[in-house]
Amino acid sequence: LAYNLKNVFFTEQSKTEAEKRGVDVKRLMSRHVSSVVQLDQEFVSVFNGYDGVQDYYRDLSLAAEGKWREVSIPMLAVASRDDPITHCDALRAEEFSAGNSNLMFLVTESGGHVGW
């Protein structure tokens, strides 16, 4: 998956921008970066100015630091049981929707990871 993401996403233009933002593009494109987590660590977190991959994950996580309790407008999360990256149980849909009426979850049998 990481190999395909690198080959599809990283054009010369995106590599140039990544270098401007401090990404080690040579390492990124090497065999040393071979997983999605490593892509997040070597590219996404650096490109977007995070202090590291854990800082990035914490920021994007609804569960981190109880952010789910603070959602004040209706939000629908869509997930799929066949998602190869994020298992739908990790959403904690029952717990979060029971604790905050603004959170709604739609879990489909298929759809992959953003594949609808």
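**Figure 1. Burial and overall layout of the predicted model.** Of the 116 residues in the protein, 31% are buried. The model is predicted. The protein has six helices and two strands, and from the N terminus these elements run α-α-α-α-α-β-α-β. The C-alpha trace spans about 45 × 30 × 20 Å along its principal axes. Among contacts with a separation of 6 or more, 58% join residues 24 or more positions apart. The protein exposes about 7900 Å², and carbon and sulfur atoms supply 51% of that area.

**Figure 2. The largest nonpolar core has twelve residues.** Its members are Ala 2, Phe 10, Ala 18, Val 23, Val 25, Leu 28, Val 33, Leu 39, Phe 43, Val 44, Phe 47 and Tyr 56. Helices α3 (25–28) and α4 (36–47) each supply at least two of the core residues. The largest share comes from α4, with four residues. In soluble globular proteins, nonpolar side chains tend to be buried together.

**Figure 3. Helix α4 packs against α1 (2–9), α2 (12–20), α3 and α5 (53–60) through its buried residues.** The buried positions of α4 are Leu 39, Asp 40, Glu 42, Phe 43, Val 44, Ser 45 and Phe 47. Leu 39 is also a member of the largest nonpolar core. Leaving aside residues up to four places away in sequence, Leu 39 touches Ala 2, Leu 5, Lys 6, Phe 10, Leu 28, Val 33 and Val 44. Gly 49 follows α4 and has a positive phi, near 80°.

**Figure 4. Five residues make a nonpolar surface patch of about 500 Å².** Leu 76, Val 78, Met 104, Leu 106 and Trp 116 form the patch. Strands β1 (75–80) and β2 (103–108) each supply at least two of the patch residues. Met 104 sits in strand β2. Its relative accessibility is 40%, so Met 104 counts as partly exposed.

**Figure 5. A salt bridge within helix α2 links Lys 15 to Glu 12.** The closest N and O atoms of the pair are 3.5 Å apart. Both residues lie in α2, three residues apart, about one turn of the helix. An α-helix has 3.6 residues a turn, so residues three or four places apart point the same way. The partners differ in burial: Lys 15 is buried, with a relative accessible area of 18%, whereas Glu 12 is exposed at 58%. A search of the whole structure finds seven salt bridges.

**Figure 6. Arg 58 and Asp 55 form a salt bridge within helix α5.** Here the closest N and O atoms are 3.9 Å apart. The two residues are three residues apart in α5, about one turn of the helix. Arg 58 is partly exposed, with a relative accessible area of 37%. Asp 55 is also partly exposed, at 23%.

**Figure 7. Glu 109 and Arg 81 form a salt bridge.** Their closest N and O atoms are 3.1 Å apart. Glu 109 lies in the segment after β2 and Arg 81 in the loop between β1 and α6 (93–99), so the pair ties together parts that are 28 residues apart in sequence. Glu 109 is exposed, with 59% relative accessibility. Arg 81 is partly exposed, with a relative accessible area of 44%. Elsewhere, salt bridges that share partners join Asp 55, Arg 58 and Glu 65 into one network.

How values were computed
Residues numbered from 1 in each chain as written. Predicted model: local features only at pLDDT ≥ 70, side-chain atom pairs only at ≥ 80, totals over all residues. Heavy atoms only, no water. Core = buried A, V, L, I, M, F, W, Y, C linked by side-chain atoms within 4.5 Å. Buried < 20%, exposed > 50% of the residue type's maximum accessible area, 1.4 Å probe, protein only. Contact = heavy atoms within 4.5 Å. Patch = residues over 30% accessible without salt bridge, like charges linked within 9 Å, V, L, I, M, F, W, Y side chains within 5 Å. Areas by Shrake-Rupley, 256 points an atom, 1.4 Å probe, with all protein chains shown as cover. Salt bridge = Lys/Arg side-chain N within 4 Å of Asp/Glu carboxyl O.
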